[in-house]
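Work through these exercises with the structure open beside you. Try each task before reading its solution.

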Amino acid sequence: MIRKIAPCSGNIIIVAHLRILPVYAYLCCNQNLSRMKTNLRKSLWAALTLALTLSACGGSNAKKADNETAQPDTTLVMTDSITTVSLRTGDTKLTWLKDNAGEKLMPHTLFPDATDGLIDSLALANGIPSTISVFLAERERKLILFDTGNGAPQGHMAEEMKRIGVSPADIKLLYLTHFHSDHIGGMMRGDTVLFPNAEVYASKAEYEAWMQMPKEQNALVVKTMEAYKDRLHLFEFGDTLPGGVVALDAAGHTPGHTAYRAGQFLIVGDLMHGVALQREHPDICASFDMDKGASATARKRIMQYAEDNDLRMAGMHFPAPGFLMK
Ligand SMILES: [Zn+2]
């Protein structure tokens with residue numbers, strides 16, 4: 001469960017309970033990168049209490065989190081000023097970078113299979129909390145970017161990368177979950193590539209499907225893939241890619257939609273557009289899903305895979321902070 005509190009003007013307290021060992025967390029906010037490594041404390045059952053403090057919006061004095069505010073299971077208190085969150089499990093650090101500005105609610109009309117009764121029972125009539133997000137992994141001494149958001153001016157990925165001290169030129173590996181514009185739009189700045197040093201990876205199935213679409217639908221894809229053609233790599237599902245990242249079949253949302261396993265993280269792209277609705281009701285599809293039957297099947301299969309392998313899921317439209325906190 002993720003709870004949001006009102007935007008802060010000073011210090012805020014983050015309390016999270018995380019299951020994966022070992023875990024360090026870092027958080028940063030709009031003005032200052034305020035990174036705090038926490039010491040892992042006592043273990044209760046299989047859960048950890050991870051108490052973090054951070055200085056938000058330029059504040060400088062961090063306060064110790066009050067463990068008495070901790071709730072069973074995971075609780076992460078977010079404010080709109082927090083636009084990046086990093087978690088580390090084992091050999092992988094994964095950072096959530098929020099691409100959209102402000103708050104994003106998916107309209108419930110995006111999920112035509114959800115009845116009004118279900119929407120009301122989940123208190124989602126005003127919309128389902130969401131984001132447009134990208135993720136940056138540090139693994140095997142490599143910086144790996146997963147998707148690129150919408151691109152400027154509406155997309156803020158590049159600004160968020162800058163805040164954490166990463167330049168687009170630092171990105172050597174760019175892995176794409178699929179080719180919708182809110183995922184590849186950030187690859188270009190006008191007619192220029194934003195990532196001059198990146199090797200780009202996408203599934204062969206995704207590439208081939210988009211190349212066969214009519215021009216009205218694939219103009220952005222064709223332009224972007226052409227710009228990166230000398231370093232575009234097409235993989236098969238199941239392949240292990242540089243950095244030890246495994247590409248998994250999550251087709252359904254698009255023909256070559258890919259989930260990526262990086263250590264104990266699973267980056268699932270657009271497996272869910274409305275977590276609060278679809279996590280418990282995976283048969284419900286968003287109207288964006290190109291093959292609804294395959295999308296629902298993939299949703300259930302990937303969630304089961306994450307459960308079976310104790311993986312923490314990260315999604316491009318999950319609500320802040322982009323990770324599923326159990
Ligand atoms: Zn999307």
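**Exercise 1. Find how S21 and S22 pair, and place them in their sheet.**

Solution.
- Start with the pair. S21 and S22 run parallel and share three bridges. Strands here are DSSP runs of E with at least two residues, helices are runs of H or I with at least four, and both are numbered from the N terminus. Two strands pair if DSSP finds at least two bridges between them.
- Pick one bridge. Phe265 has Arg312 in S22 as its bridge partner.
- Widen the view. An open sheet of five strands has the order S18-S19-S20-S21-S22, and its pairing is mixed.
- Look at the edges. S18 (240–241) and S22 each pair on one side only, which makes them the edge strands.
- Recall the general rule. Strands of a sheet pair through backbone hydrogen bonds, either parallel or antiparallel.

Two points on the model apply throughout. The model is predicted: local features need pLDDT of at least 70, side-chain atom pairs count only at pLDDT 80 or more, and totals for chains, interfaces and linings use all residues. Residues are numbered from 1 along each chain as its sequence is written.

**Exercise 2. Which strands pair with S16, and in what sense?**

Solution.
- Take S13 (residues 173–175). S13 pairs with S16 in the parallel sense over three bridges. Leu173 has Glu199 in S16 as its bridge partner.
- Take S17 (residues 232–235). S17 runs parallel to S16, and four bridges join them. Ala202 has Leu234 in S17 as its bridge partner.
- Check the cover. S16 (residues 199–203) has four buried residues out of five, so the strand is mostly covered. A residue is buried if 20 or more other C-beta atoms lie within 10 Å of its own, exposed if 12 or fewer, and partly exposed in between, with C-beta atoms placed from the backbone.

**Exercise 3. Test the length of helix H7, then sort its residues into buried and exposed.**

Solution.
- Work out the expected span. The rule is 1.5 Å times one less than the number of residues. H7 (residues 292–308) has 17 residues, so it should span 24 Å.
- Compare. The end C-alpha atoms of H7 are 24 Å apart, which agrees.
- List the buried residues of H7. They are Ser295, Ala298, Arg299, Ile302, Met303 and Ala306.
- Look down the axis. These buried residues fall within an arc of 125 degrees, so they line one face of H7. The arc is that of the directions from the helix axis to the C-beta atoms.
- Turn to the other side of H7. Gly293, Gln304, Glu307 and Asp308 are exposed there.
- Find the cover. The buried residues of H7 are covered by elements including S20 (258–262), S21 (265–267), H6 (275–278) and S22 (312–314).
- Step past the end. Just after H7, Asp310 takes a positive phi of about 55 degrees.

**Exercise 4. Which residues have the most contacts inside the largest nonpolar core?**

Solution.
- Define the core. It is a set of buried Ala, Val, Leu, Ile, Met, Phe, Trp, Tyr and Cys residues joined through C-beta atoms within 7 Å.
- Name the residues. The largest core has 62 residues, and Phe135, Leu174, Ile267 and Ala314 have the most contacts inside it.
- Follow Ile267. Not counting residues up to four places away in sequence, Ile267 touches Phe135, Phe146, Ala259, Tyr260, Ala262 and Ala314. Contact means C-beta atoms, placed from the backbone, within 7 Å.
- Look elsewhere. Another core, of nine residues, lies apart from it, and Phe111, Ala114, Ile128 and Cys285 are among its members.
- Recall the general rule. In soluble globular proteins, nonpolar side chains tend to be buried together.

**Exercise 5. Is Thr92 buried or exposed?**

Solution.
- Locate Thr92. It lies in S8 (residues 92–98).
- Count neighbours. Thr92 has 21 other C-beta atoms within 10 Å, so it is buried.
- Compare sequence and space. Thr92 and Ala262 are 170 residues apart in sequence, but their C-alpha atoms are 7.1 Å apart.

**Exercise 6. Where does Ala123 lie, and what is its phi?**

Solution.
- Locate Ala123. It lies in the loop between H1 (116–121) and S10 (128–130).
- Read phi. Ala123 is not a glycine, yet its phi is positive, about 55 degrees.
- Count neighbours. Ala123 has 8 other C-beta atoms within 10 Å, so it is exposed.

Note on methods: Contact = placed C-beta atoms within 7 Å.
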